[in-house]
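The following exercises are to be worked with the sequence and the coordinates at hand. Each task is followed by a solution in steps.

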Amino acid sequence: MLMAAVLAACAPLSPQPAPEPDPAPPPAEEVTAPASSAVLALLDRSEGFMAAGDHDSAAASLERALRLDPQNAELWHRLARVRFAQADWAAAESLALRSVGLDATGALRRENWRLVADARRRMDDEPGAREAEARLRPG
Amino acid sequence: MVLVALLAAAGALLVHVVSLDAEVSSRFEGKRWALPTQVYARPLELYVGRRLSRDELLEELDRLGYRSSERVSRSGHYQVHGDRLEVMTRGFDFWDGSEPGRHVEVAFAAGTEITAIDDLESGGPVVLLRLDPSTIGSIYPRHGEDRVLVRLDDVPPALIDALLTVEDRQFRDHYGVRPQSLFRALVANLRAGGVVQGGSTITQQLVKNFYLDNRRTLRRKIDEALMALLLEWRYDKDEILEAYLNEIYLGQDGDRAVHGFGLGSQFYFQRPLAELGVHEVALLVAIIRGPSFYDPRRHPERTRSRRDLVLDQMQQQALLTEVDADQARARPMGVVDRNLQTTRYPAFMGLVQRQLRTQYRPEDLMSEGLRIFTTVDPALQARVEAQVATGLEEIERERGMASGGLQAAAVVTDTDSGEVLALVGGRNSRFAGFNRALDAQRPVGSLVKPFVHLAALEHPSRYHVATIVEDGPMTVPLPGGRTWEPRNFDREWHGPVPMYRALTQSYNAATVAIGMDVGVEAVIDVLQRAGLQRRPPAYPSLLLGALEMSPLEVADLYQTLATGGFRSPPRAIREVTTVDGEPLSRYPLSVARGVEPELAYLVNRLLQETVRDGTGRRARGALPADWQLAGKTGTSDGLRDSWFAGFGGDRLAVVWVGRDDNASAQLTGSVGALPLWAGIMADARPRPLLLRPPEQVRERWIDGLSGHGSAQGCAGAVSLPFLVGTGPEQTVPCGRQQRIDETEQPNLLRRIRDWLGG
């Protein structure tokens with residue numbers, strides 16, 4: 001109360017409601033992956049390994065691809081899937097979140113959040129899983 | 001009686017032979033496993049679009065021992081055709097698969113990037129090609145020996161020809177000893193009253209090599225002959241020959257013995273055995289007779305003569321045509337100057353060994369012949385070493401300091417993966433001295449401040465980046481009735497300031513105010529989540545960095561910011577395999593939650609501002625502005641430690657500068673560490689740091705002085721990020737920068753005054 005009185009008495013600044021937020025500075029530009037053929041080839045290879053159940057080799061191919069194209073959200077997502085298949089829930093969750101960070105509004109978003117929810121459920125984090133599922137709803 | 005005596009003698013001989021036999025087999029078997037562990041740098045990957053210049057590729061090929069040649073017909077050779085590079089690569093068995101050797105042509109654009117890679121055999125494009133990795137060191141067995149294991153099938157036929165011709169023509173036929181030559185030698189020795197003549201077969205030479213000392217007594221010769229017979233009885237010719245190829249002593253590199261043709265090839269020619277020409281193979285065979293006497297570096301003439309003699313004998317035995325023999329004799333010896341280095345980059349190897357120790361016992365590393373694939377980038381490592389050395393010299397010169405007093409350490413990582421690309425432990429990188437990057441525990445000073453701010457931002461109802469905080473005199477009570485009065489570096493008080501300025505300008509008092517408000521324990525929580533592996537005591541001085549860490553630990557901490565909140569601990573090893581290529585363990589890309597991405601984003605934006613306009617702005621002149629680097633200076637109490645930690649899109653570098661004797665170097669973070677950091681980042685060439693705003697973050701225009709709302713285009717307005725629903729509630733009229741009126745006291749200030757009881 002005292003504070004308000006002081007504020008009211010001295011008014012070098014006129015309190016106003018906060019204005020509409022200004023547009024953000026331009027977000028990160030999408031840089032086309034220079035290594036696309038190489039990355040596709042490695043992605044292909046990792047899919048083959050996954051199909052054959054060789055998770056370690058699938059992960060190794062994806063890690064190699066990530067070294068060539070570290071901003072590629074799809075690669076992080078695939079690696080998250082591999083870790084999930086290996087029952088490494090914590091890694092799957094973090095890798096999927098990392099993918100989210102690179103592709104927050106794209107098509108991968110839903111798949112990533114679903115993976116996060118599944119992983120959290122496996123780790124007995126029900127509230128966390130529901131929080132992730134909330135992100136699946138549009139808007 | 002005579003019979004009994006004979007029987008007794010025979011019995012004794014039998015016992016002796018049995019013991020020799022045991023010795024032979026145990027040594028023969030044992031030697032197979034005394035393999036050192038081989039350590040490799042990261043391999044260079046080539047693909048279209050990779051930012052790599054032709055000269056950089058040449059540098060790597062040179063490091064790998066590739067040779068330029070007229071015709072590229074064998075692996076390990078290349079030819080430059082203007083902007084194109086033709087090369088026959090060596091294959092290599094990596095941990096994740098086998099890379100075949102290929103004959104390719106790589107095209108470059110104006111020295112900046114790869115535009116095409118074509119397979120010259122098939123004519124098609126090559127999508128991805130991995131060069132063989134360079135060796136950065138070996139971890140030796142205790143007795144200081146080393147091997148580059150060669151299989152009989154992989155050895156050039158010319159080597160076998162030369163060897164058998166010169167040393168043991170009847171190798172394939174005899175039983176380990178040549179009775180005639182042995183008899184002749186025996187007679188000659190008896191006549192001379194000592195040992196004068198050789199006559200040893202390859203088998204006998206192999207046996208001789210099993211012994212470390214070199215006694216040449218008659219008794220020894222007899223034992224060797226017996227053991228040679230036993231060896232031939234137990235093992236076949238090929239096994240014996242292969243063991244010989246890997247065992248024969250070929251030279252000395254300081255205190256390190258060079259055994260075997262594989263290592264000999266590296267030692268004298270810096271190339272794999274399979275790539276040697278006839279004249280080079282003949283040289284190695286020539287050296288066998290006496291590596292000190294026939295040392296091509298110290299006694300080139302006589303060694304060359306003996307090499308030519310070997311070639312003569314090969315020609316005589318019709319193993320070489322006259323033309324080929326002439327050509328070979330005409331060639332210079334071709335021995336390279338450089339010696340084998342036990343370990344390149346000893347500081348980085350120190351990290352490798354530490355990370356291995358968590359997985360393996362020392363004995364496993366010494367004797368199993370493991371292959372370790374590490375993360376070091378040799379080109380960048382060399383540049384960072386140079387930057388540290390020259391950077392320190394420059395500082396000493398500019399400030400009139402005694403030369404050699406300063407020391408430094410640096411760590412460079414790939415932020416996406418956490419891989420350590422370069423590690424420097426001191427200004428002299430040649431020797432394995434005190435590894436400051438790993439072991440110098442130094443107060444981090446202001447490097448801790450971003451984490452204090454993070455702890456505050458975890459309470460969005462109380463703090464956002466423009467929250468007004470007081471940078472003024474304060475008295476912090478300490479245990480035991482003492483007090484602490486933190487002061488700013490410039491001895492000034494800045495009064496009420498928006499929180500972000502407290503970070504970008506590194507104000508001490510304001511930081512302590514914030515830290516005491518959220519609690520030192522909360523700050524320690526954040527530090528631990530970001531990667532700190534221990535729990536320091538919660539002293540208020542921790543808020544100003546009275547916390548000792550090594551440069552590597554600092555890198556671990558800042559990695560969490562650079563990734564946008566994910567823990568990515570620095571790692572030096574990608575994979576370990578057995579000598580046959582079986583993967584032994586994985587050091588996978590590890591990503592764990594650290595701090596909330598939204599908050600990491602806020603702090604990272606402020607760290608960008610720190611470089612743009614804060615205490616890190618000295619970097620601006622040296623580095624392109626569009627890299628948008630983020631960073632923090634750190635200066636410890638008494639200016640004893642000068643730090644800078646900063647990152648771009650995919651590269652993080654941490655630099656420490658100081659003195660080993662802990663005397664003050666009188667250097668702030670921006671004067672000492674920052675120039676070195678700038679040089680290192682220029683070499684590291686990071687991707688620009690284009691931060692992606694998370695969903696819950698909105699930009700707002702803020703008046704830089706007062707922290708109240710402003711608008712675009714207004715004087716003194718800056719755009720800052722805020723979590724949705726937070727931010728200043730008041731605005732200022734545009735065009736006028738506003739100082740905060742002292743009578744309008746924010747809640748925070750009130751609460752601190754109340755808490756301090758003042």
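## Exercise 1: An open sheet

In this predicted model, 5 strands of chain B form an open sheet of mixed pairing, in the order 3-4-5-8-9.

Task: Determine which strands are the edge strands of this sheet, and how strand 3 of chain B is joined to strand 4.

Solution.
1. An edge strand pairs on one side only, and this holds for strand 3 (67-68) and strand 9 (113-119) of chain B.
2. Strand 3 of chain B runs parallel to strand 4 (residues 77-81) of chain B, and 2 bridges join them.
3. Within this pairing, Ser68(B) stands opposite Tyr78(B) of strand 4.
4. In general, the strands of a sheet pair through backbone hydrogen bonds, parallel or antiparallel.

## Exercise 2: Aromatic pairs and charges over rings

Task: Classify the pairs Phe94(B)–Trp95(B) and Phe293(B)–Tyr294(B) by the angle between their planes, and state which of the four residues are buried.

Solution.
1. Over all chains, the count is 12 aromatic pairs.
2. Phe94(B) and Trp95(B) have ring centres 6.1 Å apart and planes at 85°, so the pair passes the cut-off of over 60 degrees and is edge-to-face.
3. For Phe293(B) and Tyr294(B), the centres are 5.0 Å apart and the planes stand at 90°, which is again edge-to-face.
4. Phe94(B) and Trp95(B) are both buried.
5. Tyr294(B) is buried because its relative accessibility is 17%, under the 20% limit, whereas Phe293(B), at 45%, is partly exposed.
6. Phe94(B) and Trp95(B) also belong to one aromatic cluster with Tyr40(B), Phe92(B) and Phe373(B).

Task: Identify the ring under the charged end of Arg306(B) and the ring whose face Arg297(B) lies over.

Solution.
1. The charged end of Arg306(B) sits over Tyr294(B), 5.4 Å from the ring centre.
2. Arg297(B) lies over the face of Phe267(B), at 4.6 Å from the centre of that ring.

## Exercise 3: The nonpolar cores and helix 16

Task: Describe the largest nonpolar core and explain why helix 16 of chain B is largely enclosed.

Solution.
1. The largest nonpolar core has 92 residues; among those touching the most other members are Phe348(B), Phe451(B), Leu527(B) and Phe647(B).
2. Leaving aside residues up to four places away in sequence, Leu527(B) touches Val448(B), Phe451(B), Leu532(B), Leu542(B), Leu547(B) and Leu557(B).
3. Another core, of 55 residues, lies apart from the largest one and includes Val150(B), Leu231(B), Ala243(B) and Ala328(B).
4. Helix 16 (residues 449-457) of chain B has 9 of its 9 residues buried, so the rest of the structure largely encloses it.
5. Among these buried residues are Lys449(B), Phe451(B) and His453(B).
6. The buried residues of helix 16 pack against helix 17 (499-504), helix 18 (508-518), helix 19 (520-530), helix 20 (551-562), helix 21 (597-613) and strand 27 (630-635) of chain B.

## Exercise 4: Chain B as a whole, and a residue of chain A

Task: Summarise burial and contacts in chain B, then decide whether Asp44(A) is buried or exposed.

Solution.
1. Chain B has 24 helices and 31 strands, and 58% of its 758 residues are buried.
2. Of the contacts in chain B with a separation of 6 or more, 69% join residues 24 or more positions apart.
3. Asp44(A), in helix 2 (residues 36-51) of chain A, is exposed because its relative accessibility is 60%.

Technical notes: Residues numbered from 1 in each chain as written. Chains lettered and ligands numbered in written order. Predicted model: local features only at pLDDT ≥ 70, side-chain atom pairs only at ≥ 80, totals over all residues. Heavy atoms only, no water. Helix = DSSP H or I, 4+ residues; strand = E, 2+ residues; numbered from the N terminus. Buried < 20%, exposed > 50% of the residue type's maximum accessible area, 1.4 Å probe, protein only. Phe/Tyr/Trp six-rings, centres within 6.5 Å; stacked < 30°, edge-to-face > 60°. Lys NZ or Arg CZ within 6 Å of the ring centre and 35° of its normal. Contact = heavy atoms within 4.5 Å. Pairing = 2+ DSSP bridges. Core = buried A, V, L, I, M, F, W, Y, C linked by side-chain atoms within 4.5 Å.
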